[in-house]
Amino acid sequence: MAVDLQSVTKRYGAETVVAGVSLAIPEGEFFTLLGPSGSGKTTTLSMLAGFVVPDEGRVMLGGQDMTRVPPRGRGLGMVFQNYAIFPHLNVAENVAFPLTVKGAPKAEIQARVAEALAMVKLDGFGARYARQLSGGQQQRVALARAIVAHPKVVLMDEPLGALDKNLRYHMQVEIKEIQQRLGMTVIYVTHDQEEALTMSDRIAIMNHGKIAQMGPPREVYENPESSFVAAFLGEANLLKVRRDGEAVRGPGGAAILAARGALPGADGLVFVRPEKVSVLAGTLDAASNHLPGQVQHASFLGNIVRYAVTAADGASLLCDVANGAGAVLHRPGDAVTLSWRAEDSRLLAG
Ligand code: ADP
Ligand code: MG
């Protein structure tokens, strides 16, 4: 394993901010820690980096116990939000920094800096200072500095947080490309679910210092094991359901079919993503869920139409319908039937 966190715990006073987190990350993986603000992402990454020493547990890198080794002895590349580029050094000097402090030979430094700057598409920018660069360019300098020494593992803490949406997307693609070209292991921190879904091989969703769920993007998105993960990873319909003998019943007593999960008690929730729900006029096959409702609101988003539909017992669902060729749009007040497959549904604890 490139990175192996073994039950690490960190407390500040009475507060446990990381509670027994274990992560085994193989070489070459793009691994993301995703979670709300304050969930312990930065603290976890800081224990990997060596800025924070865990109260319990071990930090293994490349099979070696690094728990008490200071940051510079760990051989990691880093892009931290608060680890900006140095204003008194120009771009080339900034990028060279990890090699200069190691006392690498001048010729090697020059070659590596040129290579790193080319990789982030900043050739010819070596003599500029931070104040002469845009936010996106500064972020690229930080990235070049992180990879200049060819580290096997690179840690990134919200590296694109300050950039606007277009630039973010651009940098996401570039970071992925560089990671794949160099075969680096990347541990990436973000609170942006879309960013995590597009970039990662695996995602760990953190909540209150613990890993709520971990898996490939599609798995955690389509098969969340808790309402927290379901709601955090995008829009989720979570409807109240109750057990009725062998059956499960939802709004208006409708039978609910869900291929996965179980109710721990007499009641709970059923989960389905808006894009898995069809809005129909007619009747359906018996193997799917069907729920009568009334369109409350239709939001035209261009490529999709998002319907808010009310069902019995005050239940409300979102349904995303592709605005494909020949799509017929429903209007507020229209009576519709909502339908979704049991395979796209999961029962969860309330
Ligand atoms: P995230 O990166 O997910 O937003 P952090 O790891 O930065 O979360 O913080 C997790 C919790 O630990 C927060 O409640 C934060 O206030 C607390 N915390 C972080 N660093 C310290 C510190 N040095 N001293 C006291 N509390 C801290
Ligand atoms: Mg943070």
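Mentor: One term first: buried means under 20% relative accessible area, exposed means over 50%, and partly exposed lies in between. Keep in mind that this is a predicted model.

Trainee: Is Arg 112 buried, exposed or partly exposed?
Mentor: The lower cut-off is 20% and the upper one is 50%. Arg 112 has a relative accessibility of 23%. That value falls between the two cut-offs, so Arg 112 counts as partly exposed.

Trainee: Which side chain does Arg 112 meet in a salt bridge?
Mentor: Look within helix α3, residues 106-119. The partner sits four residues from Arg 112, about one turn of the helix. Residues three or four places apart on an α-helix point the same way, because there are 3.6 residues a turn. The N to O distance is 4.0 Å, and the partner is Glu 108.

Trainee: What is the relative accessible area of Glu 108?
Mentor: Glu 108 shares its salt bridge with Arg 112. Glu 108 is partly exposed, and its relative accessible area is 34%.

Trainee: How far apart are N and O in the salt bridge of Arg 58 and Asp 65?
Mentor: Side chains of opposite charge can pair when their charged atoms come close. Arg 58 is partly exposed at 38%, and Asp 65 is partly exposed at 41%. Their side chains meet with an N to O distance of 3.6 Å.

Trainee: How many residues apart are Lys 276 and Glu 222?
Mentor: These two form a salt bridge, with the closest N and O atoms 3.5 Å apart. Lys 276 lies in the loop between β14 (267-272) and β15 (278-280), while Glu 222 lies in helix α7 (217-222). The pair links distant parts of the chain, and the separation is 54 residues.

Trainee: Which residues do salt bridges that share partners join into one network?
Mentor: The count of salt bridges comes to 16. The pair just discussed, Lys 276 and Glu 222, spans distant parts of the chain. Where salt bridges share partners, one network joins Lys 121, Arg 140 and Glu 174.

Trainee: Now the ligand. Which polar side-chain atom lies 2.8 Å from an oxygen atom of ligand 1?
Mentor: The residues around ligand 1 include Ser 39, Gly 40, Lys 41 and Thr 43. Gly 40 uses a polar backbone atom, 3.0 Å from a ligand oxygen. Thr 43 uses a side-chain N or O atom, at 2.5 Å. The atom at 2.8 Å belongs to the side chain of Lys 41.

Trainee: What share of the accessible area of ligand 1 does the protein cover?
Mentor: Thr 43 places a side-chain N or O atom 2.5 Å from a ligand oxygen. On its own, ligand 1 has 560 Å² of accessible area, and the protein covers 59%.

Trainee: Which element gives the largest share of the shell around ligand 1?
Mentor: By class, the shell holds three nonpolar, six polar and two charged residues. The largest share, three residues, comes from α1.

Trainee: How many residues of α1 are buried?
Mentor: Two ligand contacts, Lys 41 and Thr 43, are among the buried residues of α1. Leu 45, Met 47 and Leu 48 are also among them. Helix α1 is mostly covered, and of its nine residues the buried number is eight.

Trainee: Which residue takes a positive phi just after α1?
Mentor: The buried residues of α1 include Ala 49. Just after α1, a phi of about 100° belongs to Gly 50.

Trainee: What is the angle between the planes of Phe 51 and Phe 80?
Mentor: There are four aromatic pairs. Phe 51 and Phe 80 form one that is edge-to-face, 5.7 Å centre to centre, with planes at 80°.

Trainee: Which parts does that pair tie together?
Mentor: The pair of Phe 51 and Phe 80 is edge-to-face. Its residues are 29 apart in sequence, so the pair ties together the loop between α1 and β4 (56-61) and strand β6 (77-80).

Trainee: Of Phe 51 and Phe 80, which is buried?
Mentor: Buried needs a value under 20%. Phe 51 has 45% and counts as partly exposed. At 9%, the buried residue is Phe 80.

Terms used: Residues numbered from 1 in each chain as written. Chains lettered and ligands numbered in written order. Predicted model: local features only at pLDDT ≥ 70, side-chain atom pairs only at ≥ 80, totals over all residues. Heavy atoms only, no water. Near = heavy atom within 4 Å. Polar contact = N/O pair within 3.5 Å; in protein donor to acceptor, adjacent residues only side chain to side chain. Areas by Shrake-Rupley, 256 points an atom, 1.4 Å probe, with all protein chains shown as cover. Nonpolar A, V, L, I, M, F, W, Y, C, P; charged D, E, K, R; others polar. Buried < 20%, exposed > 50% of the residue type's maximum accessible area, 1.4 Å probe, protein only. Phe/Tyr/Trp six-rings, centres within 6.5 Å; stacked < 30°, edge-to-face > 60°.
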